[in-house]
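Me: I am new to reading protein structures, and I would like a close look at the salt bridges in this one. Could you take me through them slowly?

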Amino acid sequence: MRLFKEILISVDECDCRVAVLEDGRLMEVLIDRDDNPVGRIYKGKVTNVFETYAFVNVGLERNSFLGADDYFHSIERDNPNAQHHEHRSLTAQLHNDQELIVQVEKEALNEKGEMITTNVSLSGRYVTVFPYGTSRRLSTSSRLSDENEIKRLSEIVEHLLPEEWSAVIRSAAEQRSEYELQCDIDVLIDKWRAIEELAEKHQAPYLLLRRPPLVDWVARELLSEDIDRLLIDNEEEYRYLRENLQRSAPNLVHKVHLYNDKFCPLFDMFGVESGIEEALQRKVQLKSGGNLVIERTEALWVIDVNTAQNTRKDAILLTNLEACKEVCRQLRLRDMAGMIIVDFIDMESDEDKRRLLDCLGEELRKDRTRLDLVGMTELGLVQLTRKREGKDLDGMLRTECPLCHGYGKILSPKSAALSARREVLRLAPQHKHRKVIMSLSPEASSWFDDSKVIALEDLIDAKVQVVVDKYLWPDSFKVSFEGESRT
């Protein structure tokens with residue numbers, strides 16, 4: 001049965017948020033807070049060059065990283081060796097203070113700067129163009145399978161595309177007229193000419209093109225004949241969206257509607273706010289009674305499938321199949337990326353394992369992001385990789401806890417009290433017979449009863465005063481000696 005698909009867009013002065021629902025169930029969340037540089041185009045200045053990589057100052061917090069594989073050309077188009085640059089050392093191609101037009105491919109991660117490329121691309125609804133060209137003049141989306149249609153589109157785009165450019169014909173171009181394709185390419189040509197003019201006028205580092213607003217991206221990438229409805233709660237953006245679609249995709253204009261209920265926000269009306277909160281939880285409940293436990297490490301995501309009390313063979317298979325669909329939903333909802341390991345409930349039957357992998361493959365095909373299903377290991381773990389396209393939902397909405405420093409756990413009150421005791425024993429010899437003031441949280445101080453205080457006093461031959469500080473975190477403490485400042 002066909003799912004009812006809708007897109008919700010909530011826009012205010014602080015951010016723009018997009019939710020994708022299928023039969024009323026939240027499947028994807030996209031957030032734009034104007035601090036994501038991916039897709040932006042800069043004029044940058046080379047700061048350091050090495051054999052296989054270089055650093056480029058584009059005006060961001062850290063110098064951006066340009067790998068040899070991402071340096072495809074020289075901006076000096078007349079250089080006859082430009083097409084062979086990828087086979088030579090970067091030190092032979094770049095020098096310090098050289099200026100380049102680059103595009104951000106990936107956000108900064110941990111201590112690393114943004115990853116950039118000189119293979120600049122601009123995306124339209126029907127084609128993605130590469131003004132500096134690539135090894136192939138024309139490519140087509142793998143989703144286009146009709147050879148006659150591919151030939152027709154290729155001939156049209158070949159005729160419309162500037163001589164030195166390359167392009168990828170997108171699946172949305174199928175059955176589109178030459179006029180529609182021409183309008184799409186003309187917009188991209190004008191955009192690139194404006195970028196070149198800015199690059200000539202300004203010294204590096206300089207921002208040449210800001211990433212398209214999320215509303216534009218949704219209209220181009222998500223809104224299609226397959227979507228039943230798009231609701232947007234901002235009247236200005238609503239008018240802008242309809243006007244743009246009137247030019248680029250007039251057949252989709254009727255799907256766009258303004259949501260203007262001032263008493264119930266759009267995301268509240270459709271349960272998106274609560275859905276986002278659930279997407280940040282560690283545990284996800286399944287209808288069968290089982291659950292998923294989702295953990296993130298530095299290198300990968302781990303998803304553990306747990307069964308309910310029923311351990312019959314058929315019940316285990318049904319739980320795994322239900323978990324399979326929920327795992328694929330969570331991949332999209334949380335926008336997980338990189339390596340992902342799923343530990344399904346153990347099954348002995350090879351037929352059951354095959355059914356599970358078939359189900360997984362079918363569900364993964366619904367994901368827009370590129371995935372690679374590696375398969376099932378001998379230990380019954382399913383491995384897959386998902387392309388990283390920016391911060392995941394967790395990284396977008398949350399930051400590392402200053403209390404647990406990302407571990408998810410803190411010292412128990414008893415452990416904190418014992419750590420404070422050891423600190424007193426370590427410092428006391430340097431402060432002979434001086435009174436000790438030990439500040440503890442209410443939780444930790446409850447462990448330090450009178451008998452423990454007396455025993456500690458006997459050990460150090462000095463008075464010990466326990467101070468309860470309600471402002472201390474449960475695993476924190478302070479040790480000072482009489483006459484010292486306790487700040």
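Reply: Here is a walk through the salt bridges, with a little background on the chain to start.

Keep in mind that this is a predicted model. The chain holds 12 helices and 24 strands. Its radius of gyration is 29 Å, well over the 23 Å that the globule rule gives for 487 residues, so the chain is more spread out than a compact globule. Along its principal axes, the C-alpha trace spans about 95 × 65 × 55 Å. Of the 487 residues, 44% count as buried.

Now for the charges. The chain carries 68 positive and 88 negative side chains, and the centres of these two sets lie 3 Å apart. Searching the whole structure turns up 29 salt bridges. Let us visit a few of them.

Start with Glu 28 and Arg 368, which form a salt bridge whose closest N and O atoms are 2.6 Å apart. This pair links distant parts of the chain: Glu 28 sits in strand β3 (residues 25-32), while Arg 368 is in the loop between α8 (350-364) and β20 (371-376), 340 residues apart. Are the two partners buried or exposed? Glu 28 has 7% relative accessibility; buried means under 20%, so Glu 28 counts as buried. Arg 368, with a relative accessible area of 34%, is partly exposed.

Stay in that loop for the next pair. Asp 367 meets Arg 386 in a salt bridge, at 2.9 Å from N to O. Arg 386 belongs to strand β21 (residues 381-386), and Asp 367 lies in the loop between α8 and β20, 19 residues apart. Here both Arg 386 and Asp 367 are buried.

Next, look at Glu 295 and Arg 282, whose side chains meet in a salt bridge at 2.4 Å, N to O. Glu 295 is in strand β17 (residues 291-296) and Arg 282 is in the loop between α6 (272-279) and β16 (283-285), so the pair ties together parts that are 13 residues apart in sequence. Glu 295 is partly exposed, at 34% relative accessibility, and Arg 282 is partly exposed too, with a relative accessible area of 48%.

Finally, salt bridges can join up into a group. Arg 2, Lys 5, Asp 226 and Asp 228 are linked in a network of them.

One last number sets these pairs in context. Among contacts between residues at least 6 apart in sequence, 66% join residues at least 24 apart. The link between Glu 28 and Arg 368, 340 residues apart, is a good one to find in the structure as you practise.

Conventions
Residues numbered from 1 in each chain as written. Predicted model: local features only at pLDDT ≥ 70, side-chain atom pairs only at ≥ 80, totals over all residues. Heavy atoms only, no water. Helix = DSSP H or I, 4+ residues; strand = E, 2+ residues; numbered from the N terminus. Rg over C-alpha atoms; globule rule 2.2 N^0.38 Å. Buried < 20%, exposed > 50% of the residue type's maximum accessible area, 1.4 Å probe, protein only. Contact = heavy atoms within 4.5 Å. Lys, Arg positive; Asp, Glu negative; His and termini not counted. Charge placed at Lys NZ, Arg CZ, Asp CG, Glu CD. Salt bridge = Lys/Arg side-chain N within 4 Å of Asp/Glu carboxyl O.
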